[in-house]
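Here is a short note to read alongside the structure. Please keep the 3D view open while going through the points.

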Amino acid sequence: MIDRRRFLQTSAAGSLALGAAESRARAMVAGKKYKVGVIGCGWFGNYDLDRLRDVADVEVVSMCDVDSNLLNESADRMNAAQGKRPKTYADFREMLKPRELDIVIVATPDHWHALTMIAAVDSGADVYVEKPISHTVDEGKAMVAAARRTGRVVQVGTQRRSTPHIVKARDFLKEGHLGKVGLVKAYCYWHMRGDANPPDSAPPANLDYEMWTGPAPMRPYSVLTHPRQWRKFTEYCSGITGDMAVHMLDAARYLMGVRYPRSVSSSGGIYVEKKGKANTTDTQTITLDYGDLTAIWEHRTWGKQDDPKYGWGVNFYGDKGTLKVSIDEWDFIPEGDGKPVHMDFVRETVKPHEEGDANIIPGNRAHWRNFLEAIEARSRPVADIEEGHVSTTICHLGNISMKLGRSLAWDGAKERVIGDDEANALLRRDYRAPWVYPTV
């Protein structure tokens, strides 16, 4: 039986330890001013930048975007905030040429992550790259290799690993309260894809659509492409798996301490929202075989979520009880007559740089502090590029399995599908000229 009082006392001690760790991180960077560049000045590029500014003294030196409106709005905002307008660029290669940046934030659409991150570490910068790290598996391998070759610190925006209540859920699980865990289920029941079908059109004058498309296949522009709606198209992303599954499957790996599964199988498709332009799935299930542990991802577009409090999360089913974890809270439901345990997320008190509730994504500031601490120690952060690569690869393998209609046996050491040349051919894709696919 769980000693609930002992766990809550341990949790309180854990909060003090977490606060001490954050104080150490602040002390390590005190008095240091980081020169920062941003590649991708849309919604999340600015959000990430603000969370960095919450926890460190920075000078935003340069900003890059192929949308001149977004670029100028972001540069003007930084001018007002720091009294100096960042230099602006439409081409990330020009921005990186001076080799003057300590940190580069990569917040582009997914199909640009590999080339921009690799160029940034080659320029001597440490990098914070948004998830999923890659559009294909072999891109991710090249990104890990580039980080190791250059010795740069690369943190992936899978901030569940830094979210205080999820860190405590990991401790709770490791203490044995769930017993033997046989099944993990990650899920998202939010309707995210939409069924819109606007006509194709010429891109707006403020957008360099040729550069925006970059190495991806060229498709006609529509208002669904940019801004913020490119996740509807597989040319630029890996769908809802790369958007939502990567977070919760990464959290599952973090809590369970596992890496690659032995095999991956997936089914799904466009079952409900058939009228729109989007070509990503609205329904998909991925099953990961870890031997004596099975992990599942589920997304669906119809019906209510199973638990009103848990629309996006991950459940751990053990012989002593069930642990449900979301970005906001977690609940343990014991077997037998044990007492349930509930924990909310820890709300930070740092004043945000934007209006409204910046805690909508708990753990982001802690994630940036962890990154800064790793920069100062020249160590690997909690969401190191290799961890991001493994979690992203699992999502890619799910999409490949669904596309081919068969299970994939996976060699995690070689990062290749066993005995399936057709599947291995899908671990990469041809780049549109003149862009060159990165190599390890």
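1. Start with the parallel sheet. Six strands make up an open sheet, and their pairing is parallel. The order across the sheet is E3-E2-E1-E4-E5-E6. Bear in mind that this is a predicted model.

2. Next, its edges. Strand E3 (87-89) and strand E6 (154-156) occupy them. Each has a single partner strand, so one side of each is left without a neighbour in the sheet. From one strand to the next, the twist averages 25 degrees.

3. Look at one edge pair in detail. Strand E5 (residues 126-129) and E6 run parallel and are joined by three bridges. Which residue stands opposite Tyr128 in E6? Gln155 does.

4. A helix lies over this sheet. Helix H2 (residues 43-55) lies across strand E1 (33-39), strand E2 (57-64), strand E4 (103-106) and E5. H2 runs at about 160 degrees to E2.

5. Now the mixed sheet. Ten strands form this open sheet, and the pairing is mixed. Read across, the order is E14-E13-E12-E11-E7-E10-E9-E8-E15-E16. Strand E14 (341-344) and strand E16 (416-417) are the edge strands, each pairing on one side only.

6. As a reminder, strands of a sheet pair through backbone hydrogen bonds, either parallel or antiparallel. In the mixed sheet, strand E9 (residues 283-289) pairs with strand E10 (residues 294-299) in the antiparallel sense. Six bridges hold this pairing. Within the pair, Thr287 of E9 faces Ile296 in E10.

7. Which strands does helix H9 lie across? Helix H9 (residues 239-256) lies across strand E7 (181-188), E9, E10, strand E11 (312-318) and strand E12 (321-326). Its direction is at about 35 degrees to E11.

8. H9 also meets another helix. The axes of helix H7 (residues 164-174) and H9 come within 9 Å. They cross at roughly 40 degrees. At that angle, H7 is oblique to H9, because the angle is neither under 35 degrees nor in the 65 to 115 range. The crossing of H7 past H9 is right-handed.

9. Finally, the residues of that crossing. From H7 come Ile166, Val167, Ala169, Arg170 and Leu173. They meet Tyr254, Leu255 and Met256 in H9. By class, the contact of H7 with H9 has seven nonpolar residues, no polar ones and one charged. Arg170 is the charged one, because Arg counts as charged.

Notes. Residues are numbered from 1 along each chain as its sequence is written. This is a predicted model: local features need pLDDT of at least 70, side-chain atom pairs count only at pLDDT 80 or more; totals for chains, interfaces and linings use all residues. Side-chain values use heavy atoms; hydrogens and water are left out. Two strands pair if DSSP finds at least two bridges between them. Helices (H or I, at least four residues) and strands (E, at least two) are DSSP runs, numbered from the N terminus. Contact means heavy atoms within 4.5 Å. Axes are lines fitted to C-alpha atoms, for helices over the stretch in contact, and angles run from 0 to 180 degrees between N-to-C directions. Angles under 35 degrees count as roughly parallel, over 145 as roughly antiparallel, 65 to 115 as roughly perpendicular and the rest as oblique. A crossing is left-handed if the near helix is turned anticlockwise from the far one by less than a right angle, and right-handed if clockwise.
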